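Trainee: I should like to go through the interface terms one by one and see how each is justified.

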Amino acid sequence: MLILTRKLGENIRIGEDVKITVLDVKGGQVKLGIEAPPHVAVHREEIYEKIREENRRASEVDPRALREVADLFKGTQKRKKGRRGS
Amino acid sequence: MRIETEEFGSIAVAPEMRIYLPEGLHGFEEHQHFVLLDREEYHPFFWLVSEVDPRVRFAVTDADRFCAASEKITLSPSDEAALDLAQGDAISLFVIVSLRPGEQRATGNLRAPIVMNARNRLARQVIVYGNGLAVRRPMMSRRLVSLHSAVGAGPARD
């Protein structure tokens with residue numbers, strides 16, 4: 001891992017078109033400004049972790065349980081249609 | 001082509017069922033080719049079954065089940081490029097569903113829906129931000145059901 005020390009207001013450049021600026025340092029928190037072209041996705045690491053975890057959970061859905069939920073949903077729709085008709 | 005599965009039996013794969021995710025799904029990067037399985041008994045859900053290993057499968061539903069018209073999802077230029085999106089292309093938006101074990105409560109991952117270009121079947125699990133776009137948004141709540149009926153069955157995308 002490349003380690004760089006930067007002062008407030010200083011930047012790091014990654015490649016030609018990504019620039020990261022240290023905007024604020026307070027307590028244990030660092031505020032960064034990120035300038036990147038639109039094709040570069042910038043997200044907090046936690047969001048990737050959260051989505052990976054949710055995908056993993058979703059991959060374990062039991063088809064029988066889902067079928068029961070599907071039946072419930074179909075029931076709701078039927079009731080709604082009935083109400084509209086009356 | 002056929003896929004043999006334990007859970008869904010033998011699936012005859014038609015070209016219009018196939019979805020190509022060049023980057024896979026987050027945490028499942030090695031699964032790039034999927035089949036969208038539409039079985040009446042699971043409606044309003046579909047199954048996204050991996051062609052690489054059919055034991056890997058995800059329940060999905062149409063994002064319209066969750067989204068009011070005001071919650072249009074904005075794609076980044078990087079997403080548009082990944083989907084080779086051109087003017088006039090129609091997109092399909094799927095939400096991955098999960099269930100809490102023992103509960104008949106479905107949640108959808110609105111933070112990371114699957115967007116597919118209907119023209120070339122190219123898809124990507126994108127990350128979007130906005131109010132109510134949670135990783136586990138409840139699907140069956142009364143509020144959402146009434147919200148859905150209030151906006152009608154019209155698509156929340158364009």
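Mentor: A polar contact is a pair of N or O atoms within 3.5 Å; within protein, one must be able to donate a hydrogen and the other to accept it, and residues adjacent in sequence count only if both atoms are side-chain atoms. Across the interface of chain A and chain B, eleven residue pairs satisfy that rule, both residues being at pLDDT 80 or more. The model is predicted: local features need pLDDT of at least 70, side-chain atom pairs count only at pLDDT 80 or more, and totals for chains, interfaces and linings use all residues. Residues are numbered from 1 along each chain, chains are lettered from A in the order written, and side-chain values use heavy atoms without hydrogens or water.

Trainee: What makes R136(B) and E54(A) a salt bridge?

Mentor: The term requires a side-chain nitrogen of Lys or Arg within 4 Å of a carboxyl oxygen of Asp or Glu. The N to O distance here is 2.6 Å, so the pair qualifies. The rule finds one salt bridge across this interface.

Trainee: Which residues does L66(A) contact, leaving aside its neighbours within four places in sequence?

Mentor: Contact means heavy atoms within 4.5 Å. On that rule the partners of L66(A) include V61(A), Y42(B), F45(B) and W47(B).

Trainee: What is the area buried between chain A and chain B?

Mentor: It is the accessible area (1.4 Å probe) that the two parts lose on being put together, summed over both. The value is about 3300 Å², and carbon and sulfur atoms give 67% of it. In chain A, N55(A), L66(A) and F73(A) lose the most area to chain B, together 19% of what that side buries.
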